[in-house]
Amino acid sequence: MPKQLLLIWAIICSGIITYFCLTNSSNIPAINFPSIDKIVHFCFHCGFTISWILFFKKELKGKQANDYKAYLISFIFSVFFGITIEILQGVLTTTRTPDVTDVLANTIGATIGVFSAIAFRKQIDKIIGI
């Protein structure tokens with residue numbers, strides 16, 4: 001799989017997350033389920049982290065030492081992305097507020113994303129062609 005395609009995919013995932021986190025909350029259907037917001041944050045950042053891991057693994061050529069660089073870069077990027085989104089919610093929107101528990105859910109999602117990528121390393125390497 002070409003690394004440019006993986007990059008485009010990671011950017012699209014990032015854009016979708018940015019849109020849903022910064023759009024007017026009245027534009028999003030309400031779901032009456034306990035902690036759904038935290039579950040969504042968890043899932044967003046798990047997927048975000050995995051999508052960037054795919055790109056960085058391909059970019060770094062899949063060497064074992066570089067695998068861990070891909071995991072670390074993607075994890076740090078996800079955490080900082082999540083913190084930035086929370087800050088932007090407070091600055092750019094009137095219907096959303098920053099929430100430290102969202103940052104916690106984001107970080108847990110990123111952590112599970114990294115551990116999932118490690119657990120399925122061989123399958124991921126085969127999919128992305130390294």
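Take residues 39–56 to start: this stretch is 100% helix and 0% strand, with its end C-alpha atoms 26 Å apart. Bear in mind that the model is predicted. Residues 103–120 tell a similar kind of story, at 94% helix and 0% strand, and there the end C-alpha atoms sit 25 Å apart. Both stretches come up in the UniProt record, an unreviewed entry, where the annotation "transmembrane region" covers residues 7–27, 39–56, 68–91 and 103–120.

How confident is the predictor here? The protein chain averages a pLDDT of 90, and 93% of the residues score at least 70. Among the elements, helix H4 (residues 100–119) has the highest confidence, at a mean of 96, while helix H5 (residues 121–128) has the lowest, at 91. As a rule of thumb, where pLDDT is low, the predicted coordinates should not be read in detail.

**Helix H2 and its rings**

Helix H2 has 24 residues and runs 34 Å from its first C-alpha to its last, close to the 34 Å expected at 1.5 Å a residue. Just after H2 comes Lys61, which takes a positive phi of about 70 degrees.

Now for the aromatic side chains. Going by ring centres within 6.5 Å, the count comes to ten aromatic pairs. One of them is Trp52 with Phe55, an edge-to-face pair at 6.0 Å centre to centre and 90 degrees between the planes. Both residues belong to helix H2 (residues 36–59), where they are three residues apart, about one turn of the helix. Which cluster do these two rings belong to? Ring pairs link Trp52 and Phe55 with Phe48, Phe56, Phe77 and Phe81.

Lys57 is found in helix H2 too. Is Lys57 buried or exposed? Its relative accessible area is just 1%, so Lys57 counts as buried. The Lys57 side chain has a partner as well: it makes a polar contact with the side chain of Asp125, at 2.8 Å.

Here is how four of the buried residues in this report compare on paper:

| Residue | Relative accessibility | Status |
|---|---|---|
| Trp52 | 8% | buried |
| Phe55 | 10% | buried |
| Lys57 | 1% | buried |
| Thr93 | 13% | buried |

Each of these gets its label because buried means under 20% relative accessible area.

**From H3 to H4**

Tyr68 has its place in helix H3. Why does Tyr68 count as partly exposed? Its relative accessible area is 42%, and the partly exposed class runs between the buried limit of 20% and the exposed limit of 50%. Tyr68 also has Ile118 to look at across the fold: the two are 50 residues apart along the chain, yet their C-alpha atoms are separated by 9.0 Å.

Thr93 lies in the loop between helix H3 (64–92) and H4. What does the side chain of Thr93 reach? One target is the backbone oxygen of Gln89, at 2.4 Å, and another is the backbone oxygen of Arg96, at 3.4 Å. Leaving aside residues up to four places away in sequence, Thr93 touches Leu22 and Leu88.

Beyond that loop is H4. Its 20 residues should span 28 Å at 1.5 Å a residue, and its end C-alpha atoms are 29 Å apart, so the two values agree. Which residues of H4 are buried? They are Asp102, Val103, Ala105, Asn106, Gly109, Ala110, Gly113, Val114 and Ala117.

Note on methods:
Residues numbered from 1 in each chain as written. Predicted model: local features only at pLDDT ≥ 70, side-chain atom pairs only at ≥ 80, totals over all residues. Heavy atoms only, no water. pLDDT = per-residue confidence, 0-100. Helix = DSSP H or I, 4+ residues; strand = E, 2+ residues; numbered from the N terminus. UniProt positions renumbered as here; feature names shortened; annotations may be inferred. Phe/Tyr/Trp six-rings, centres within 6.5 Å; stacked < 30°, edge-to-face > 60°. Buried < 20%, exposed > 50% of the residue type's maximum accessible area, 1.4 Å probe, protein only. Expected span 1.5 Å × (residues − 1). Polar contact = N/O pair within 3.5 Å; in protein donor to acceptor, adjacent residues only side chain to side chain. Contact = heavy atoms within 4.5 Å.
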